Each structure stands twice: as C-alpha cells, then as structure tokens.
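Let's walk through this one together with a few questions and answers. Here is what we'll be looking at.

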Amino acid sequence: MTMTPEQATWFAEVVDRIVSNVERVVLGKEYVIRLGLTALLSEGHLLLEDVPGTGKTSMARALAQSIRGTTTRVQFTPDLLPGDITGMTVYDQRTGEFEFHPGPVFATIVLADEINRASPKTQSALLEVMEEGHVTIDGVTHPVEAPFLVIATQNPIEQAGTYRLPEAQLDRFLMKTAIGYPDHAATVRILDGAGGPRAEVVEPVVGLDAVRDMIAVARTVHVDPVITDYVARLVEATRTNADVRLGASVRGALALIRCSKTFAAINGRHYVVPDDVKALAEPVLAHRLGLDPESEFDGVTSGAVIAQVLVETPPPSDRVAV
C-alpha cells in the first residue's frame, strides 16, 4: 500500500498545526521543530549539540504536550546509574515479591540532558530502549509505549569531565542538529514577553493514536529506485572521501531513506524527491562520519564533508516516478 495524495495533504496539515503550536514556546525555530517531528514520526531519536539556554527542554515539553504525550528530563551526571534511567526492581516486604519501579525512560519524549557527562555504562543503558523499544530488568522485558523519542543533548564547548559518545552510540541517533540562538526578530519577541506569564503549557493538537497513524502512513511514502540509488551513491562517497576514516554505515543509508519518506509527507508529498535527501543528508549522516585526525586538526568538519559529497554526487536527472 502506498500513501495517497489525500493522506499526504492530511499529514502535512497536522504537522503544520503541531509546528505552529510548538513555535508559541520555541520562537523562530521552525526548521529544528520539523526535524524533531521527522525523528519522532520516523521512529528515531534526536541528538542536539548545543550550548545551554537555547530552548531544548521547552521544545521537548511543547512537542509532548502538542500530541497529548508525557515528557521526562534526566540530567546526566558522572554519578548517574543505569537504574536511575531504566528503573529497577524493589523488594516489597508486604507482599514478599519484587516489584518493578519504572524509570524516567517510560515517557513519550525523554530529554537526556548533557548525555556525555555520564559514564559509558550509563550512556549504554539507553541503547536497548532506543533500538528495541523496551528495557530488560532482571530478565524481564518492559516495553515502552509508542510513539517514543529520545532527545539527547551535549554541550560542544565544555568538554572537561565528559565522556565522548562512541561511534556505535552516535550511529543509534537518527539525526543530529542544533537549535542555535534565535535571530534578532525572535530575540526581540522573547524579550517583549519577558515580563508576562511564561507560555510553558500549550494545548494538545492531536492525540497519540493520530501520531501512531501518521507513523504508519509515513512508511508507505513511495521511493523510486533512482532515489535509492542516489542515497547509496551518497553513502558510498562518504567512505571514499580523503578526509574520512570511517564512512556512513548501512544503518545511515536506511536512516536517510526513512527520514526522507517522512520529510516528503511533512511537505505534503506522497513520494520522495532528491531535494528531500539533500535537505536531510547533513543531519542524518554527518554525525556518523569519523574524520581523519589530520583533516580534523586542519579544521575540516563532518558538515563540510557532506556538503562536498552532495556537490560531487549528481542527483537523479530523470523525473522521479510517482
């Protein structure tokens, strides 16, 4: 079954309503909000590398409220334990049995703040639930309810006392981006409302059932073989680039296809075009690259490599079949 034009129109209208709702709290960041929704509706997770005070927590909370979901925030610290995230079993003296106490990971949207400040053991506690949608405690599997999105953050400036995320864990994040500072107009609007009540609560736009329907519909977006070939050529080009020691994995190629399908639906189309792939190539692929140390020392960035790959890899020239 393939998405119909009518379904694509409905999909885009719902997304526009959610974006407008979230923008009441996070001003001037429509693109980042759409990336967050792309991750959510593609059943993936989002990594934000940004300085404090840019609205990461507000965005996570507003997204959850807009879809009638729940949100939790975990401040990652060096003494945080895996059980503090996933939950643990506790012995109940009254019943004589062990009882499971769920951790903060059991929410619609989980904000893992400054994830690189926790130990690798604690960081890895998120891997199972991010990949499989459940946690296993004392041999018992506990599923999390869909939709489920982890928004992890890390500060790119302060690296003292942090544990760098390994490539295997970075590869688990569907996309990586940054919110960034607001532009001048948005800053003025924020300052104008500084004296009034804070818009911390937004009204729901859709329910979780509708979001689950959108996730299912996004999977049915049409992808022409020439698009698949284009994605394969882009990924292969990252592996042969002179500045790269570790290119994008097959998981990265699958992620780019998945995100492109959702992004097409968000833009009201029932089929993927090359521009969808181009728009998402950096947030989906850049964090999966391992740069050559000498190139990195010379100032080469993963984003610059992706930009170069996009220029050197010609998109499909024929009309994409729909």
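A helix's expected span is 1.5 Å times one less than its number of residues. Keep in mind that this is a predicted model.

Q: How far does helix H12 reach from its first C-alpha to its last?
A: Helix H12 covers residues 274-285, which makes 12 residues. At 1.5 Å a residue, the expected figure is 16 Å, and the helix comes close to that. Its reach is 16 Å.

Q: What do the buried residues of H12 pack against?
A: The buried residues of H12 include Val277, Leu280, Ala281 and Val284. Their partners are one strand, S9 (175-177), and a set of helices. The full list is S9, H2, H10 (225-240), H11 and H14 (302-312).

Q: Which helix gives the most to the largest nonpolar core?
A: That core has 68 residues, and Phe11, Ile18, Met59 and Met175 have the most contacts inside it. Apart from it lies another core, of 23 residues, with Leu47 and Phe148 among them. For the largest core, the top giver supplies 8 residues, and that helix is H11.

Q: Why is the pair of Trp10 and Phe11 called edge-to-face?
A: A search of the whole structure turns up 3 aromatic pairs. In the Trp10 and Phe11 pair, the ring centres are 6.4 Å apart. Planes over 60 degrees apart count as edge-to-face, so the label follows from the angle between these two planes, 85°.

Q: Is Phe11 buried or exposed?
A: Its ring partner Trp10 is partly exposed, at 32% relative accessible area. Phe11 has a relative accessible area of 0%. Under 20% counts as buried, so Phe11 is buried.

How values were computed:
Residues numbered from 1 in each chain as written. Predicted model: local features only at pLDDT ≥ 70, side-chain atom pairs only at ≥ 80, totals over all residues. Heavy atoms only, no water. Phe/Tyr/Trp six-rings, centres within 6.5 Å; stacked < 30°, edge-to-face > 60°. Buried < 20%, exposed > 50% of the residue type's maximum accessible area, 1.4 Å probe, protein only. Helix = DSSP H or I, 4+ residues; strand = E, 2+ residues; numbered from the N terminus. Contact = heavy atoms within 4.5 Å. Core = buried A, V, L, I, M, F, W, Y, C linked by side-chain atoms within 4.5 Å.
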